[in-house]
Amino acid sequence: MATLTFELPDGTRRDVEVVQVLNAGYAGRSQDDVAAHVAELAALGVPAPSVTPALYPVSPYLAQQTDRVAAQHARTSGEAEWALVVAADGELLLTAACDHTDRDLEVHGVAWSKNAGPDVLARRAWRLSDVEDRLDALTLRAWVTHEGTETQIQSGTLAELLTPGYWVDVLRSREALLPGTVLISGTIPMTEGVDQFAEGWRVELTDPATADTIRLAYEVRPMPEPIG
């Protein structure tokens, strides 16, 4: 079982033993835009979900706080997301995350691709209750690194995504809002023309009201070629 540790703005820490990880997909606030995105992906061979938004269970050990991701081939990439974390006492935390996904496997099944790489989480978090009244103003940005040069690949606000409250209601209705739950939000669009298959990813979740930023960064390391 993975244990994550988060530092809160007041300096206190929360240790969370992860019992379930859920990755939201097709989770844009505008489901008309989502439908268009599903059609685009279908043209690339990615199977359409049976419903939108979708929710994919991920192995709990894949929730990681790490600065290095091992990749089995060159076509894996991250996605800037927020993460909702349920602490041991039921307290809801919000942090930054990056869902590292196998894009070759994605055409065979999105759920499979989500289980082929980690969900990287930041080491700091906010109490959801402290930012809930201004969630839509929070910014989410990501950068990729190629040959030492960093390029922004994603930039938007949480207004583009379904809210943590939406997913809290979904989980509560299923009796699945359990301590140790990590829910990853789904992502915002990537900038056209920027290569997502990068040597490194960096994600920032910023609260403009306080100028506080939660950050994560990791490098992508290719695995050795298999023997046999």
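A residue counts as buried under 20% relative accessible area, as exposed over 50%, and as partly exposed in between. Keep that scale handy, and bear in mind that what you're looking at is a predicted model.

Let's start at the surface, with Leu178. You'll find Leu178 in the loop between α5 (164–173) and β15 (181–184). Its relative accessibility is 38%, so Leu178 counts as partly exposed. Leu178 also has company out there: together with Met1 and Val19, it makes a nonpolar surface patch of about 300 Å².

Now hop over to strand β4, which runs over residues 54–58 and includes Ala54. Is Ala54 buried or exposed? With a relative accessibility of just 7%, Ala54 falls under the 20% cut-off and therefore counts as buried. That goes along with how the strand is laid out: Ala54, Tyr56 and Val58 make up the covered face of β4, while Leu55 and Pro57 sit on the uncovered one.

What does β4 pair with? The partner here is strand β3 (residues 20–25), which runs antiparallel to β4, with five bridges between the two. If you want a spot to check by eye, look at Gly25, which stands opposite Ala54 in β4. And for a sense of scale, try going from Ala54 to Leu121: they're 67 residues apart in sequence, and their C-alpha atoms are 21 Å apart in space.

Another antiparallel pair is found further along the chain, this time β13 (residues 139–146) with β14 (residues 149–157), joined over eight bridges. Here Leu140 is the one to click on, as it stands opposite Gly156 in β14. The two strands form a hairpin with two residues between them. Take a look at Glu147 in that hairpin, because its backbone takes a positive phi near 50°.Last stop: the inside. How many cavities of 30 Å³ or more does the structure hold? Just one, and the volume of the largest cavity is about 30 Å³. Residues lining the largest cavity include Val69, Ala70 and Ala71, as well as Gln72 and Thr76. His100, Thr101 and Asp102 are also among the lining residues, as are Ala116, Gly117 and Pro118. Which strand supplies the largest share of that lining? It's β6, with three residues. Both β6 (68–71) and β10 (101–102) supply at least two residues each.

Technical notes:
Residues are numbered from 1 along each chain as its sequence is written. This is a predicted model: local features need pLDDT of at least 70, side-chain atom pairs count only at pLDDT 80 or more; totals for chains, interfaces and linings use all residues. Side-chain values use heavy atoms; hydrogens and water are left out. Patches are made of residues with over 30% relative accessible area and no salt bridge: like charges are joined within 9 Å, nonpolar side chains (Val, Leu, Ile, Met, Phe, Trp, Tyr) within 5 Å. Accessible areas come from the Shrake-Rupley method with a 1.4 Å probe; for residues, only the protein chains shown count as cover. A salt bridge is a side-chain nitrogen of Lys or Arg within 4 Å of a carboxyl oxygen of Asp or Glu. Helices (H or I, at least four residues) and strands (E, at least two) are DSSP runs, numbered from the N terminus. Buried means under 20% relative accessible area, exposed over 50%, partly exposed in between (1.4 Å probe, protein chains only). Two strands pair if DSSP finds at least two bridges between them. On a 1 Å grid over the protein atoms alone, a cavity is a set of points where a 1.4 Å probe fits but cannot get out, and a pocket is an open set with protein on both sides within 12 Å along at least five of seven lines; lining residues have an atom within 4 Å of a point. Grid points are joined across faces, edges and corners, and a volume is the space filled by probe spheres set on the points.
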